[in-house]
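Work through the exercises below with the sequence and the model open side by side. Each task is followed by its solution in steps.

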Amino acid sequence: MKWLWVAVTVISGTIGDVLCARGMAMHGELDDFRPKGIARILRYIVTHKIVLAGIAGDAISFFSFLALLSVTELNFAVPATALSYVFKTALARWYLREHVSWGRWAGALLVAFGIVLVSL
Amino acid sequence: MSSTLIQRRPAKATVKNRVFIALVVISNTLGTVLLGRGMTQMPDFAAGALTYIVRFLINPWIVPGIALLVVWMVAQLSMLTWADLSYVLPVTASYYILTAIVSRFFLDERISLTRWIGIAVISFGVMLVSHTPPRTHELPEGLLE
């Protein structure tokens, strides 16, 4: 059962983050931080279909992580789901077409490995 | 995909970028700490849904905690308008470092050697990624609204 929750957490979180990135990139660089500009970006977030789908994915990931915590300990749940950093970087490369240099790959792997160590 | 344009002059790490990294990391850490603290004071859900909801809404830690997590989400989404996902995720993972510092120096928790090594490894990963340009690609023309 616990591996099912790990899979749901990782897969929905990965899809959620990737969709958020795609939807927000379509907005173009945010530069207006006056109240009007902030209101505009908030409206964009709550009305853009891809961003909303991304937030839904992240929400599913969050609640399935809570479900995972109800059947295991933090020191299993955190390292088991740390792998999502690697999946997200891979999808950023293959789906979002970002140029993931060796520095970024190494960084993502080190962060995932570090999270495993921190939670042991 | 040939329609993907490679930006020749990568965007520099601007002041705005640094401010948002700090905002994302601090709001996530504080929001999680406040929410975690509030949740320990909650009654068992089985005690009754109405009691639970009322206690949830009047708890002095939970509501500010959730507000900070909303700030975190909006700040992270805003960063994604000018930075890559493969940049934002590792860089904002410095949240794990801040949480360790807060728990060591403000909550007086002991941190094992393994955890210190993990924190050092994360810091090194964050450093590597933060030296790459935030944005490495442009969206294909057709995707811009």
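The exercises go from the two chains to their contact, then to the cores and to single residues.

This is a predicted model, in which local features need pLDDT of at least 70 and side-chain atom pairs count only at pLDDT 80 or more, while totals for chains, interfaces and linings use all residues. Residues are numbered from 1 along each chain as its sequence is written, chains are lettered from A and ligands numbered from 1 in the order in which they are written.

**Exercise 1. The two chains**

Task: list the helices and strands of chain A and of chain B, in order.

Solution. Helices (H or I, at least four residues) and strands (E, at least two) are DSSP runs, numbered from the N terminus.
- Step 1: chain A has six helices and zero strands, in the order α-α-α-α-α-α.
- Step 2: chain B has six helices and two strands, and the order from its N terminus is β-α-α-α-α-α-α-β.
- Step 3: a residue is buried if 20 or more other C-beta atoms, placed from the backbone, lie within 10 Å of its own, exposed if 12 or fewer, and partly exposed in between. Buried residues are 42% of the 120 residues in chain A and 32% of the 145 residues of chain B.

**Exercise 2. The contact between the chains**

Task: find which helix of chain B gives the most residues to the side that touches chain A.

Solution. Two residues are in contact if their C-beta atoms, placed from the backbone, lie within 7 Å.
- Step 1: 35 residues of chain B and 39 residues of chain A take part.
- Step 2: on the chain B side, α3 (62–79), α4 (85–92) and α6 (113–130) each supply at least two residues.
- Step 3: α6(B) gives the most, with twelve residues.
- Step 4: this side of chain B divides into 21 nonpolar, eleven polar and three charged residues. Here Ala, Val, Leu, Ile, Met, Phe, Trp, Tyr, Cys and Pro count as nonpolar, Asp, Glu, Lys and Arg as charged, and the others, Gly among them, as polar.

**Exercise 3. The nonpolar cores**

Task: name residues that touch the most other members of the largest nonpolar core.

Solution. A nonpolar core is a set of buried Ala, Val, Leu, Ile, Met, Phe, Trp, Tyr and Cys residues joined through C-beta atoms within 7 Å.
- Step 1: the largest core has 48 residues, and those touching the most other members include Ala21(A), Val111(A), Leu80(B) and Ile122(B).
- Step 2: the elements giving two or more residues to this core include α1 (2–25) of chain A and α1 (15–39) of chain B.
- Step 3: another core, of six residues, lies apart from it, with Val6(A) and Ala77(A) among them.

**Exercise 4. Cys20(A) and Arg97(A)**

Task: decide whether Cys20(A) is buried or exposed, and do likewise for Arg97(A).

Solution.
- Step 1: Cys20(A) is in helix α1 of chain A. Cys20(A) counts as buried because it has 26 C-beta neighbours inside 10 Å.
- Step 2: beyond its neighbours within four places in sequence, Cys20(A) is in contact with Val51(A), Gly54(A), Ile55(A), Leu77(B) and Leu80(B).
- Step 3: Arg97(A) lies in the loop between α5 and α6 of chain A. Arg97(A) has 19 C-beta neighbours inside 10 Å and therefore counts as partly exposed.
- Step 4: Arg97(A) is not a glycine, yet has a positive phi of about 60°.
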